[in-house]
Amino acid sequence: MLKKRDDFEDILEERRNCSDLRYALKCYTPVVYKGLTPCKAGVLKNMVLQSDQLHYVINQVSKETGKAPEDVQEEASAILEEMAHRMQLSTVRFFAFTLCKVFKTLFRSICVNEEGIQRLQQAIQEHPVVLLPSHRSYMDFLLMSYILFTYDLALPVIAAGMDFMGMKIVGEMLRMSGAFFIRRSFGGDKLYWAVFSEYVKTILKNGLAPVEFFLEGTRSRTAKSLTPKLGLLNIVMDPFLKGEVFDINVVPVSISYERILEETLYARELLGVPKPKESTSGLFKARRVLSEDYGSIHVYFGQPVSVRSLAEGRVNRCQFNLTPRHIPKRPSDDVHSFVNAAAYRLVRAQEENMVLKPWVLLASLLLQNHHQDLDQDRLTEEALWLRDVCRQYGAFLHWPDHVPPSEVVSSSLDLHRGLVRISEGRVPAGPSGPGVHPGAGPEEQLLNQAVVVLSCASYRNQALHVFLRPALLASAMHIATSSNKQEVFNSFSFLRNMFSNEFILCPGATMQDFEEACFLLVKTGVLQITEQEVLSTHRGHRTLAFLTRMMDPFLQGYQVICMFLCEEASEALTEKTFIPAVRGFMVKQLLSGRLRYTEVLSSDLQKNALAALLRLGAVLKTKGADQTTLKVNRVMVNSLEDTLGKKPLQHLWFEFSS
Amino acid sequence: CGSTSNTDAGGLFMWMSLIGHSLRQEIMKWNGWGYVDSKFQFNKKGQAEFTGKRYRLSGMVMPALKEWFESTFGASLQHKTPASAIPNSSAVQPPILNEAFVEDLKSTGIPFSQDAEDRVFRAHGHCLHEIFALREGKVGRVPDMVVWPSNHNDVVKIVELACKHNVCLIPYGGGTSVSSALECPPEETRTIVSVDTSQMNRILWIDEKNLTAHVEAGIVGQELERLLNESGYCTGHEPDSMEFSSLGGWVATRASGMKKNIYGNIEDLVVHIRMVTPQGVIEKSCQGPRMSTGPDIHHFILGSEGTLGVVTEVTMKIRPMPEYQKYGSVVFPNFEQGVACLRELTLITNVFAGHALKPQKFYITKFKGFDPNRLCVATLLFEGDRERVLQHEKQVYDIAAKFGGLAAGEDNGQRGYMLTFVIAYLRDLGMDYYVIGESFETSVPWDRVLDICRNVKERIIRECKERGVQFPPLSTCRVTQTYDAGACVYFYFAFNYRGLSDPVHVYEQVEHAARDEILANGGSLSHHHGVGKLRKEWMRETVSRVGMGMLKSVKDYVDPGNIFGNRNLL
């Protein structure tokens with residue numbers, strides 16, 4: 001499973017030795033797309049406004065609403081004005097200068113794989129390029145542009161959420177460094193969609209700039225990859241599917257932070273402390289942040305993926321032959337499933353090249369050792385074991401082998417001292433931060449504890465994708481009634497289906513996932529698999545226990561939610577009250593000691609569980625006049641709860657499709 | 001009125017009608033395009049010249065061609081791949097003969113032959129793989145005999161005998177097919193008889209009141225025009241192959257001519273068709289200019305590619321010869337502008353025949369500050385009475401100017417037309433020096449013309465690279481026909497195959513990929529070359545399952561014994 005990956009180079013190193021100003025003012029002459037006809041921002045707007053696509057929709061909207069076409073045209077123009085980027089090299093240079101200073105204070109290093117940069121440069125010349133970075137921090141897109149500027153690559157235009165525009169000056173500056181702004185929701189607004197999609201396509205088709213957006217749609221607060229959003233991916237693939245360009249290169253980019261700036265902010269948000277509105281002053285309140293050490297960042301530019309080769313044999317492009325291409329159409333089923341599969345594949349490509357730091361392993365271990373103190377030597381020993389497992393599974397682990405393991409562990413703990421305190425060589429039972437006051441009430445204490453646990457979980461989550469499939473298999477063996485291979489597979493399939501909103505699991509790939517998990521666990525001597533049976537080996541117990549415990553918080557979380565729905569949920573449960581109600585129920589359970597994992601308080605887990613139950617039909621939505629109520633299918637929910645809680649699988653009277 | 005059709009610009013022709021049935025192959029190449037005496041070659045000084053006396057280009061030396069040839073393909077005059085000199089009769093399988101059929105045929109007195117040379121000559125069209133094999137002296141399944149009917153009744157007799165004795169008939173007209181239509185199915189075990197229609201080449205009557213002519217289907221294009229011209233008429237149907245292709249072949253493939261904007265395509269030109277099928281003769285009972293009598297049975301015949309019967313006689317529309325004819329040309333700064341202009345011209349006026357041609361470097365290299373790598377030439381031909389021609393000409397140039405087009409003179413226009421006739425000879429030159437290539441066509445809506453051109457060209461280049469072609473290929477295209485709803489686009493693809501063990505296979509894979517790309521970009525399977533056996537695999541998706549069923553049921557009724565067993569189309 002050893003994957004060939006490129007080496008990194010620290011781009012801050014040079015910045016620490018030379019003038020930042022000279023750097024920011026350096027000669028910038030990026031290579032461009034070979035078919036490019038350069039054009040100014042104003043020309044771009046005209047191209048969009050005069051496109052057949054937009055004309056069609058303007059006339060359509062005009063007919064439907066009775067407004068004059070000129071007025072609709074005006075509206076379109078206004079939307080475009082609100083949306084469009086106004087990239088200016090001077091602003092980019094300003095950012096380059098400022099970011100130099102900021103980055104040097106915050107981070108020890110920013111490491112980039114230069115071979116990836118070279119591949120990207122090549123890709124930009126050949127075909128229009130789409131950049132797909134992972135999204136864990138506000139930093140992400142500034143960081144991306146900073147790196148591309150550093151390497152003299154074409155600066156991308158970036159799809160940004162409208163909430164950034166609230167940040168007065170910063171919003172405008174972001175716009176001038178290539179961001180364009182889209183409203184968070186515009187589902188039914190045809191005109192908005194038309195302007196938006198035409199704007200993106202015009203930039204892409206003409207190769208004016210690489211288009212950058214976040215497949216996950218928003219920052220992942222949990223550091224788990226989010227289920228990809230398909231809207232923009234659909235838009236950028238469209239010019240290829242309709243033959244308007246020969247090909248499009250999609251480049252997944254994995255940005256890994258050793259320590260995330262928003263760490264506790266995210267944890268509070270997940271616990272229901274509302275997130276502060278993105279405002280300029282809010283961002284600068286983060287000044288406190290500037291005095292801390294955030295370790296290093298690794299940015300890995302993945303192999304460019306050709307949309308043409310992705311679509312080969314999967315999409316029949318002739319389907320676009322029978323209607324004029326400028327008439328907007330819903331993607332057909334095969335296009336939809338193609339884009340969906342491509343999206344998962346790309347998210348997995350991001351995951352694969354995420355760099356894991358030793359702390360990620362430590363966090364995973366600490367979370368599993370809730371009830372006993374660990375001395376540091378023991379922790380080191382466990383970490384070394386886990387390091388080896390990780391490597392066998394093909395993780396992109398950056399463990400400094402030349403440093404003594406104990407030092408690796410202590411420096412990791414030191415960097416994250418906000419989350420774990422070490423006293424007298426012992427790491428206390430469960431992570432605990434400085435925010436835990438002994439004097440506070442039990443519920444407050446619980447929540448304070450939860451902030452720390454969720455923060456730690458966000459680091460463990462960085463490694464989830466490495467263990468996910470084997471861990472699902474380990475859990476499946478645990479809940480299956482026997483070691484019969486088919487039964488284990490059924491349990492695996494059940495869990496996979498249950499958790500497909502929680503983790504990145506490609507639709508329709510149950511068999512591959514099962515085989516991958518089997519392969520890994522057999523290869524590492526954990527399992528023996530015969531025609532009929534899946535058996536654990538003696539030396540495999542440690543791995544299996546670790547993997548099962550890794551899944552436990554999720555299983556328990558979903559189980560408790562089922563319990564809540566069966567026992568507590570009233571008829572009047574609505575979509576809006578679901579999270580607070582579940583949270584209240586869980587807090588009670590936790591305080592009474594009936595529930596083990598504080599982690600289940602994460603609203604992310606609660607939302608995912610609800611989505612899964614809705615998908616499975618165990619809960620039904622009924623839209624009322626002013627609110628959406630949730631109707632619980634108790635029999636089904638009960639049965640799910642039983643299965644998650646290791647009761648015989650045959651209670652399931654419905655079938656899970658793979 | 002002094003006008004000439006553009007093929008006899010050289011002024012010298014030798015007429016097929018003077019040639020006996022087996023003499024045709026004496027003036028035509030057996031393993032290349034066109035006349036034996038006409039070909040491109042490099043003379044001792046290394047300069048390209050065109051031999052013979054038939055064409056305007058004949059006897060001319062073209063110094064620029066060598067440089068273009070070498071720089072385009074990386075070819076070298078030192079590296080030759082000459083064709084094997086004479087057909088090797090021993091390589092030809094002895095004929096499978098149905099003795100009873102032969103006996104009965106003898107009694108009819110219709111001439112026939114079992115000579116190897118006659119059979120090989122009629123066993124192929126002009127696809128690259130066909131010519132390449134012949135040049136290497138390789139011969140596959142060939143017809144077992146050739147018959148030369150001299151009129152409709154002869155054909156009726158031949159078809160009756162074929163049905164009676166269960167032999168396979170393959171109609172043969174001009175032999176210019178580029179769809180593997182003439183290839184004998186290797187799995188055919190019956191006697192295969194090539195029905196050569198070349199002796200059915202008379203104009204039976206001309207009806208000046210109704211402007212129609214009744215013509216035997218074996219007549220070749222240039223001969224038809226010449227004979228009609230003698231009476232002051234023309235059909236205006238001028239496919240690029242008109243020197244050699246036959247009227248029956250046009251009908252069987254749905255041919256298109258370069259002056260179709262004025263005169264129409266073959267389906268617009270026919271008034272009446274007579275075809276002999278295993279079920280008997282099919283024809284309409286009158287010559288009304290248009291009928292509403294259910295689906296037009298002509299459309300079962302047009303494009304049937306020899307699978308249903310032999311077209312024997314056709315009544316065609318004719319027109320008085322144009323009083324005045326004028327060539328013209330326009331140079332555009334780039335292909336995009338050229339295409340946009342052609343579309344505009346098509347919508348406004350249908351009085352010209354136009355090509356947006358991406359130039360080869362030896363054709364036009366410099367023009368008034370245009371980027372020589374991007375400029376594009378449209379060649380034009382105006383016909384009609386003098387005043388209107390001049391009026392239209394002005395109109396066209398005015399429109400062209402709006403698209404940045406500059407008039408580039410009559411001479412360039414005329415050369416452009418001349419090139420369409422000699423371009424097929426160029427391939428033979430390439431094949432002497434490790435260069436193989438082909439052109440293929442499609443039709444596509446206007447809004448997709450530029451996209452399809454870009455994508456198909458790029459696909460060709462990419463596929464060549466992936467398949468180990470050592471030299472960058474020639475991958476170019478031009479728009480050759482325009483319609484209100486779209487255009488016909490030609491792709492030219494050629495490459496230097498040094499270093500490849502099976503160049504023809506590579507070529508076929510690339511062409512296959514290019515066709516996939518064409519279809520994926522909204523292009524048709526064929527605009528006028530037809531399907532034959534080369535493009536059969538795409539027929540179902542092209543015409544739908546039900547469409548295939550309809551065609552099959554016609555075939556099943558008309559020819560249940562698969563007498564017309566060339567296996568084209570379905």
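Trainee: What area do chain B and chain A bury between them, and why is it called buried?

Mentor: Chain B and chain A bury about 1300 Å², with 34% of it on carbon and sulfur atoms. The area is called buried because it is accessible area (1.4 Å probe) that the two parts lose on being put together, summed over both. The model is predicted, so local features need pLDDT of at least 70 and side-chain atom pairs count only at pLDDT 80 or more, while totals for chains, interfaces and linings use all residues. Side-chain values use heavy atoms, leaving out hydrogens and water, residues are numbered from 1 along each chain as its sequence is written, and chains are lettered from A and ligands numbered from 1 in the order in which they are written.

Trainee: Which residues in chain B lose the most area to chain A?

Mentor: Arg448(B), Arg462(B) and Ala520(B) do, together 38% of what that side buries. The contact (heavy atoms within 4.5 Å) takes 14 residues from chain B and 15 residues from chain A.

Trainee: What makes Arg325(A) and Asp447(B) a salt bridge?

Mentor: The rule asks for a side-chain nitrogen of Lys or Arg within 4 Å of a carboxyl oxygen of Asp or Glu. Here the N to O distance is 3.5 Å, so the pair qualifies. Across this interface the rule finds six salt bridges.

Trainee: Why is the pairing of E2(B) and E3(B) accepted as such?

Mentor: Two strands pair if DSSP finds at least two bridges between them. Strand E2 (residues 48-50) of chain B and E3(B) have two bridges, in the antiparallel sense, so they pair. A strand here is a DSSP run (E, at least two residues; helices are H or I, at least four), numbered from the N terminus. Glu49(B) stands opposite Val61(B) in E3(B). The open sheet has the order E1-E2-E3 in chain B.

Trainee: What makes E1 and E3 of chain B edge strands?

Mentor: Strand E1 (40-42) and strand E3 (61-62) each pair on one side only.

Trainee: How is the packing of H16(A) and H17(A) described?

Mentor: Two packed helices are described by the angle between their axes and the distance between the axes. Helix H16 (residues 358-368) and helix H17 (residues 376-392) of chain A pack at about 115°, with axes 9 Å apart. Axes are lines fitted to C-alpha atoms, for helices over the stretch in contact, and angles run from 0 to 180 degrees between N-to-C directions.
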